[in-house]
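Here are a few exercises to work through with the model open beside you. Try each task before you read its solution.

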Amino acid sequence: MQTRKLGQQGLEVSALGLGCMGMSDFYGSRDEAEAVATINRALDLGVTFLDTADMYGVGANEELVGRVVRERRDWIVVATKFGNVRGEDGSFKGINGRPDYVRAACDASLKRTGLDFIDLYYQHRVDPAVPIEETVGAMAELVQAGKVKYLGLSEAAPATIRRAHAVHPITALQTEYSLWSRDVEAEILPVCRELGIGFVPYSPLGRGFLTGQFKTPDDLDQGDSRRNHPRFQGEAFQKNLDLVAAIRAMAADKGYTPAQLALAWVLAQGKDIVPIPGTKRRTYLEDNLKALDVVLSAADFARIDGILPPGAAEGARYPQASMVAIDR
């Protein structure tokens with residue numbers, strides 16, 4: 001397995017990680033036995049970087065990941081997040097970055113996972129009501145206490161990243177990045193590289209859209225949250241489907257799957273980038289990992305840019321209520 005370094009504090013992980021969210025929440029039906037088998041298969045194939053959060057399944061996903069990794073803890077990097085607060089019924093209660101909440105959330109995550117420490121601890125969303133210096137200051141205390149090894153942010157704006165990094169070194173920024181979400185190229189990635197912060201793209205397959213598996217919105221389960229995303233609705237769905245058709249054709253020309261092509265493109269954007277494609281099935285996991293062997297030429301990159309230049313995807317990447325929560 002290829003490895004990459006995140007940040008400048010010594011964290012090294014597999015070049016592709018595994019996003020575990022969909023195993024417990026948001027993306028339709030669940031199959032815990034298959035989820036466990038998928039995580040174990042990922043570990044068997046050399047994946048060392050698992051991503052979860054306290055809000056996924058209202059804690060259930062942390063419990064799932066913890067049960068699987070405890071037996072192989074020594075070499076597995078577990079990343080989890082705090083800040084998006086949900087009620088026991090799954091309702092969204094807002095964002096909390098207060099120092100007392102940071103400490104309580106960390107203790108709760110440690111209890112659910114059954115781990116002695118969290119490798120990489122992210123603030124899931126920036127709390128506009130709390131200065132980032134206070135939130136990161138509390139996170140830094142967790143490092144000093146041995147409860148956390150490395151700190152991260154998710155969906156933070158450039159100015160916020162700078163302020164946070166001045167309080168304590170930030171090892172990784174996690175933000176959406178894929179062929180159809182390239183906003184980070186303008187300011188976010190340059191700031192990360194200036195400060196020596198690793199970059200972890202989530203949804204590198206466009207929430208599955210870039211795999212080509214969806215032909216109509218009805219291909220999504222009734223309970224799948226993607227039905228509420230603008231890019232999966234109405235005329236936007238068809239326009240985005242046309243873009244993916246061109247990616248499918250290119251992938252077929254080269255003998256790859258669309259997912260492998262899309263992931264290879266993200267991987268090629270820099271050695272400081274570690275995508276975390278999410279899946280809850282072993283077949284998709286194994287397909288994704290083959291992207292590590294894909295080599296793209298300058299002509300390939302030019303062809304891809306012609307199909308999906310920045311801003312090409314139709315629709316916002318989240319519903320409006322969720323976009324409001326993203327730091328700007």
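The exercises below cover a buried side chain, some salt bridges and a cavity.

This is a predicted model, so local features need pLDDT of at least 70 and side-chain atom pairs count only at pLDDT 80 or more, while totals for chains, interfaces and linings use all residues. Residues are numbered from 1 along each chain as its sequence is written, and side-chain values use heavy atoms, with hydrogens and water left out.

**Exercise 1.** Find Asn61 and work out which side chain it makes a polar contact with.

*Solution.*
- Start in helix H2 (residues 60–69), where Asn61 sits; helices here are DSSP runs of H or I with at least four residues, strands are E runs with at least two, and both are numbered from the N terminus.
- Next, check burial: Asn61 has a relative accessible area of 0%, so it is buried (buried is under 20%, exposed over 50%, partly exposed in between, with a 1.4 Å probe and protein chains only).
- Now look for the partner: the side chain of Thr52, at 2.7 Å. A polar contact is a pair of N or O atoms within 3.5 Å, one able to donate a hydrogen and the other to accept it; residues adjacent in sequence count only if both atoms are side-chain atoms.

**Exercise 2.** Take the salt bridge between Asp25 and Arg86 and say which parts of the chain it ties together.

*Solution.*
- Get the distance: 2.5 Å, N to O, between the two side chains (a salt bridge is a side-chain nitrogen of Lys or Arg within 4 Å of a carboxyl oxygen of Asp or Glu).
- Place the ends: Asp25 is in the loop between strand S3 (18–19) and helix H1 (32–44), and Arg86 is in strand S6 (residues 84–86), so the pair ties together parts 61 residues apart in sequence.
- Check exposure: Asp25 is buried at 10%, and Arg86 is buried at 19%.

**Exercise 3.** Do the burial check for the salt bridge of Arg303 and Asp253.

*Solution.*
- The closest N and O atoms are 3.0 Å apart.
- Arg303 belongs to helix H10 and Asp253 to helix H7, 50 residues apart.
- Arg303 is partly exposed at 37%, whereas Asp253 is exposed at 57%.

**Exercise 4.** Which residues line the largest cavity?

*Solution.*
- Pick out Leu16, Gly17, Leu18, Pro277, Thr279, Leu285, Asn288 and Leu289.
- Sort them: 5 are nonpolar, 3 polar and none charged (Ala, Val, Leu, Ile, Met, Phe, Trp, Tyr, Cys and Pro count as nonpolar, Asp, Glu, Lys and Arg as charged, and the others, Gly among them, as polar).
- A cavity is a set of points on a 1 Å grid over the protein atoms alone where a 1.4 Å probe fits but cannot get out; lining residues have an atom within 4 Å of a point.

Conventions:
1 Å grid on protein atoms, 1.4 Å probe; cavity = no way out; pocket = protein on both sides within 12 Å on 5 of 7 lines; lining within 4 Å.
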